[in-house]
Amino acid sequence: MATDTIAAIATPPGIGGVGIVRVSGRSVTEIAQGILGQTPRARLASVTVFKAADGRFIDQGLALYFPGPKSYTGEDVLELQGHGGPVVMDLLLQRCLELGARLARPGEFTERAFLNGKLDLAQAEAVADLIESSTALAARLAGRSLQGVFSKRIADLIERLIQLRMYVEATLDFPDEEIDLLTESSVRADLLQILESTRQILSEAHHGQLIREGLAVVIAGAPNVGKSSLINALSGEDTAIVTAIPGTTRDLLKVDMQVGGLPIRILDTAGLRHSEDPVEREGIRRAHGALAQADLVLWVYDARLGPDPSIAATLPAGCPVTRIRNKIDLLGESARISDSGPMTEIALSASHGEGLDLLRDHLKARAGHGSGADQEGAFIARRRHIDALNRGLSHLETARENLEGHLGAELVAEELHLAQRMLSEITGQFTPDDLLGRIFSGFCIGK
């Protein structure tokens with residue numbers, strides 16, 4: 001439990017109509033007395049003068065006092081809302097520091113809210129995600145996580161896991177009762193249901209992560225097949241250089257855009273071919289690195305030539321690939337999308353814009369749009385949540401294998417315990433020593 005008092009400017013740097021200095025901790029009432037000459041009435045905005053140590057005028061504005069534990073941090077909180085000039089805000093902050101506060105670290109107000117039980121860890125992260133949302137959909141899903149939608153799903157899963165652990169561990173604590181765990185069909189049924197629920201939450205978390213971070217799409221293919229034309233057509237800007245000379249693109253070109261309200265980052269890469277040019281070879285090496293990190297690869301080829309089998313061998317295993325049959329205008333073909341083969345194929349003309357709507361709809365579908373991403377129970381998620389769910393799922397799978405292999409209740413119980421520990425990392429019930437520092441250091445100061 002923190003015993004000191006922290007202060008920070010809670011509004012962005014620069015000039016604005018209003019600026020806010022936030023203070024939290026045990027010395028809030030003393031700081032209020034030093035700046036305002038009184039402690040404001042609880043939860044009632046009051047117009048007052050902010051004074052320096054010698055009584056001189058700093059600013060005039062609103063003061064809000066929230067006694068703990070009914071405050072954002074769970075501690076006494078004071079907010080001083082003045083005119084939003086950087087000099088005024090700095091003078092007001094310095095006055096708070098003179099009166100015993102220290103400058104808050106990034107995210108420290110929210111960290112104290114977590115430590116004081118006002119938010120769990122997933123909700124605390126949702127605060128930052130809401131602030132940083134790049135789309136309306138991401139903001140809505142972050143709001144749901146902040147309200148506890150994701151946390152409740154995890155809490156319900158952990159509760160079911162605890163109930164199963166209680167039964168399994170009873171066979172170890174009371175061996176005289178002769179409960180044969182390995183022949184209990186209800187244990188297996190409960191474990192299978194927990195496994196299915198975990199997989200479902202993991203799938204939804206993947207969608208939440210894509211909405212938070214954006215779909216990473218890499219455009220790949222041989223030189224001169226229209227990759228740069230495609231990225232220009234999608235972005236609506238002349239972002240990439242387009243010429244008839246093969247090998248024009250030699251470095252990664254990144255473009256951030258929104259498709260149907262979903263953030264998408266598209267990377268145009270160097271044409272994949274053998275080259276003796278050292279600059280082009282470096283571009284090709286970087287292209288392969290980008291392919292390894294992609295959520296989706298758009299494999300572009302010239303409709304007149306067909307897909308090059310040598311390109312297929314360079315694409316990353318396990319990553320979804322969509323074939324883009326470009327330049328159909330040169331063959332007089334119509335735009336279409338086909339899912340009949342081993343991968344989706346979209347026939348289009350990047351230079352004429354024909355078929356781009358099919359591609360946009362496809363990208364939205366890959367990011368989860370239209371498959372429940374914006375339903376009431378959807379939530380925002382981070383990579384660490386997915387990592388914890390994957391580790392928990394792995395231990396649950398091992399528990400199932402131990403159960404079905406009749407390897408003993410002790411091994412089943414241990415795997416269930418480890419699965420619960422992994423899932424508890426999400427909400428912070430179990431927290432590795434360095435996790436909080438990594439999470440809250442990414443917040444803005446004053447939040």
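Helices, in the sense used on this tour, are DSSP runs of H or I with at least four residues, and they are numbered from the N terminus. The model open in the viewer is a predicted one, and the stops below move from one helix to a strand, then to further helices and finally to the cysteines.

Begin by selecting residues 227-235, which form helix H8. This helix is mostly covered, with 9 of its 9 residues buried; among them are Lys-227, Ser-228 and Asn-232, as well as Leu-230, Ile-231 and Leu-234. Extend the selection to Gly-236, just after H8, and inspect its backbone, where phi is positive at about 75 degrees.

Next, select Asn-326, which belongs to strand E11, residues 321-326. Asn-326 counts as buried because its relative accessibility is 4%, and buried means under 20%. Displaying its side chain together with the neighbouring backbone brings up two polar contacts to follow: one to the backbone oxygen of Val-225, at 3.0 Å, and one to the backbone nitrogen of Ala-350, also listed at 3.0 Å. If residues up to four places away in sequence are set aside, the residues that Asn-326 touches include Gly-226, Tyr-301, Asp-302 and Ser-349.

From there, move to helix H7, residues 185-213, and pick out Ala-205 within it. Ala-205 is buried, at 0% relative accessibility. Add Ala-381 to the selection: although 176 residues separate Ala-205 from Ala-381 along the chain, their C-alpha atoms are 5.3 Å apart. Again leaving out residues up to four places away in sequence, Ala-205 touches Phe-379, Ala-381, Ile-386 and Leu-389.

Now show helix H4, residues 121-132, alongside helix H13, residues 409-427, and look at how their axes come within 5 Å of each other and cross at roughly 40 degrees. That crossing is why H4 is described as oblique to H13. Where the two helices meet, Leu-121, Ala-122 and Glu-125 are contributed by H4, and Glu-425, Ile-426 and Thr-427 by H13. Coloured by residue class, this contact between H4 and H13 has 3 nonpolar, 1 polar and 2 charged residues.

Finish with two cysteines, Cys-96 and Cys-444. Which of the two is buried, and which partly exposed? Cys-96 is the buried one, with a relative accessible area of 0%, whereas Cys-444 is partly exposed at 40% relative accessibility. A disulfide is a covalent bond between the sulfur atoms of two cysteines. A search for such bonds in this structure returns 0 disulfides.

Conventions
Residues are numbered from 1 along each chain as its sequence is written. This is a predicted model: local features need pLDDT of at least 70, side-chain atom pairs count only at pLDDT 80 or more; totals for chains, interfaces and linings use all residues. Side-chain values use heavy atoms; hydrogens and water are left out. Buried means under 20% relative accessible area, exposed over 50%, partly exposed in between (1.4 Å probe, protein chains only). Axes are lines fitted to C-alpha atoms, for helices over the stretch in contact, and angles run from 0 to 180 degrees between N-to-C directions. Angles under 35 degrees count as roughly parallel, over 145 as roughly antiparallel, 65 to 115 as roughly perpendicular and the rest as oblique. Contact means heavy atoms within 4.5 Å. Ala, Val, Leu, Ile, Met, Phe, Trp, Tyr, Cys and Pro count as nonpolar, Asp, Glu, Lys and Arg as charged, and the others, Gly among them, as polar. A disulfide is a pair of cysteine sulfur atoms within 2.5 Å. A polar contact is a pair of N or O atoms within 3.5 Å; within protein, one must be able to donate a hydrogen and the other to accept it, and residues adjacent in sequence count only if both atoms are side-chain atoms.
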